[in-house]
Amino acid sequence: MESSSKLGKARKGRRNRLSHLPEPIIYHILSFLDTKLAVQTSVLSRSWRCAWKHVAVLDLNTASFERYSRFERFGDKVMSLRYPLSLRKVCFVDEEIMHKRRDHPLFERVIEHAFSHDAQHVVIELEHELELEENFDFSRLFCSVTNSSNVKTLELRWVKLDYKSEFSGFRSLTTLNLYCCWLDAGDVFSDSNFPCLKNLAIEKCECFCYTGCISGLHLLSLKLLPVPFEQLEVCAPKLKFLSFCTNEVSQELSKLSLPSLEHAEVGGYFPFGLRDIREQHLISLFHDLHNVKSLTLHSQTVKVLSRISGVLEQQPAPFTRLTYLKLFSRSYNVPFEVVNYFRKGSPSDELQIEFVDERE
């Protein structure tokens, strides 16, 4: 009996500690859960019953539901019951269900709810197995963003974008991440559309145009993995970090204006053919990157440089501030001429060179 009494008191103590947590801490804890789990916590304690209505995160994932109809009813009910507070983050993920429908009313309502409640961070991930013509055209929702000046970060995955739409609603956007998206224009990434953009990442995207242009007075970080255009111009006077790779020998960065660049990462796939083009592109590229202090070259780029080591030996040193060089290759696989090409233009003989074996 005594042990049972102690056990009962211990359980009651745990319940009391849970009930007496400060409300801001409860809201913070729930912000790390998807919305379905956050709602389910209402059974834990009386003080938690309506806590999910205060959470500044709306995270809806179709994987948490067996049927889309249940997911749709849940989403609508949550948006109608939560308190009319500003949202910090909205995440909508469809992994397997939504592509079976030709219309997506809940998705549109969630996005409109996010923009109308001043969401600062928006993440959209749609079904990755969709064919291009079946994928949802997110761009027609941009017209509802005209008053959402608080959107700071936007992440889109597996989304089709028609850039004929208006972008004036993203005037405060500082971070834009696009993953496996379909783009139909190459001149949208400019100050006229995103005047405050600081970070831009375009990964595994396809673009239906030959040339692209990226410009930004405040752009600090740019990732192009790979470059989605055959020719690309980049003008970013404050850019500090550039990471890119190419997947076609014909691709090139035709014009780079990056006076403040400090670190660059270069990778890509270079076929054995068209040797003269490879040489021309790489040598021209290094001259455009002459201001960098730190340079990382991945294995495919190192292999191409090794094949043209004799050409590099005759080239003037392009780098004037280089202090750190990282090569994804074993040291004995890199000819002396390649290393010397980077060393001879550095401000001192103390250029730090790191060799990394990708197999490790």
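Colleague: Is Cys181 buried or exposed?
Modeller: This is a predicted model. In it, Cys181 has a relative accessibility of 1%. Buried means under 20%, so Cys181 counts as buried.

Colleague: How many disulfides are there?
Modeller: A disulfide needs two cysteine sulfur atoms within 2.5 Å. By this rule the count is zero.

Colleague: Which cysteine sulfur is nearest to that of Cys181?
Modeller: Cys181 is in no disulfide. Its nearest cysteine sulfur is 4.8 Å away. The cut-off is 2.5 Å. That sulfur belongs to Cys205.

Colleague: How far from Cys213 is the nearest cysteine sulfur?
Modeller: Cys213 is in no disulfide either. The nearest cysteine sulfur is that of Cys235. The distance is 7.6 Å.

Colleague: What is the relative accessible area of Cys213?
Modeller: Buried residues fall under 20%, and exposed ones are over 50%. Cys213 is partly exposed, because its relative accessible area is 30%.

Colleague: What is the strand order in the open sheet of three strands?
Modeller: The pairing is parallel. Strand 5 (160–161) and strand 9 (206–207) are the edge strands, since each pairs on one side only. The order is 5-7-9.

Colleague: In strand 9, which residue is the bridge partner of Leu183?
Modeller: Strand 7 covers residues 182–183. Two bridges join strand 7 to strand 9, and the strands run parallel. The partner of Leu183 in strand 9 is Cys207.

Colleague: In strand 3, which residue is the bridge partner of Lys89?
Modeller: Strand 2 spans residues 89–93. Strand 2 pairs with strand 3 in the parallel sense, over five bridges. The partner of Lys89 is His121.

Colleague: Which residue in strand 4 does His121 stand opposite?
Modeller: Strand 3 also pairs with strand 4. That pairing is parallel and has five bridges. Opposite His121 stands Thr153.

Colleague: Which residue in strand 6 stands opposite Arg157?
Modeller: Arg157 in strand 4 has Glu125 opposite. Strand 4 also pairs with strand 6 (residues 175–179), in the parallel sense, over five bridges. In strand 6, the residue opposite Arg157 is Tyr179.

Colleague: Along strand 4, which side chains point to one face and are buried?
Modeller: In a regular strand the side chains alternate between the two faces of the sheet. Strand 4 shows this alternation. Thr153, Glu155 and Arg157 point to one face and are not buried. The buried side chains, on the other face, are Leu154 and Leu156.

Colleague: What is the phi of Trp158?
Modeller: Most residues other than glycine have a negative phi. Trp158 lies in the loop between strand 4 (153–157) and strand 5. Trp158 counts as buried, because its relative accessibility is 19%. Trp158 is not a glycine, yet its phi is positive, at about 55°.

Colleague: Is Asp118 buried or partly exposed?
Modeller: Asp118 sits in the loop between helix 5 (105–116) and strand 3 (121–125). Asp118 has a positive phi of about 55°, although it is not a glycine. Its relative accessible area is 27%, so Asp118 is partly exposed.

Colleague: Which residues does the cis peptide bond with omega of about -10° join?
Modeller: Most peptide bonds are trans. This one is cis. The proline lies in the loop between strand 11 and strand 12 (231–235). The bond joins Leu225 and Pro226.

Colleague: What is the relative accessible area of Ser221?
Modeller: Ser221 lies in strand 11 (residues 221–225). Setting aside residues up to four places away in sequence, Ser221 touches Lys198, Asn199, Leu200, Leu239 and Phe241. Ser221 is buried, because its relative accessible area is 17%.

Colleague: Which helix gives the largest share of the largest nonpolar core?
Modeller: The core has 90 residues. Those with the most contacts inside it are Phe189, Leu289, Leu295, Leu297 and Phe342. The largest share is six residues, and it comes from helix 5.

Colleague: Which phenylalanines does Leu297 touch?
Modeller: Leave out residues up to four places away in sequence. Leu297 then touches several residues, among them Val266, Val302, Leu305 and Leu325. The phenylalanines it touches are Phe286, Phe328 and Phe342.

Colleague: Why are the buried residues of helix 9 on the same side, and what arc do they cover?
Modeller: Helix 9 spans residues 336–343, and its buried residues include Val338, Val339, Tyr341 and Phe342. They are on the same side of helix 9 because the arc they cover around the axis is only 150°.

Terms used: Residues are numbered from 1 along each chain as its sequence is written. This is a predicted model: local features need pLDDT of at least 70, side-chain atom pairs count only at pLDDT 80 or more; totals for chains, interfaces and linings use all residues. Side-chain values use heavy atoms; hydrogens and water are left out. Helices (H or I, at least four residues) and strands (E, at least two) are DSSP runs, numbered from the N terminus. Buried means under 20% relative accessible area, exposed over 50%, partly exposed in between (1.4 Å probe, protein chains only). Contact means heavy atoms within 4.5 Å. Two strands pair if DSSP finds at least two bridges between them. The arc is that of the directions from the helix axis to the C-beta atoms. A nonpolar core is a set of buried Ala, Val, Leu, Ile, Met, Phe, Trp, Tyr and Cys residues joined through side-chain atoms within 4.5 Å.
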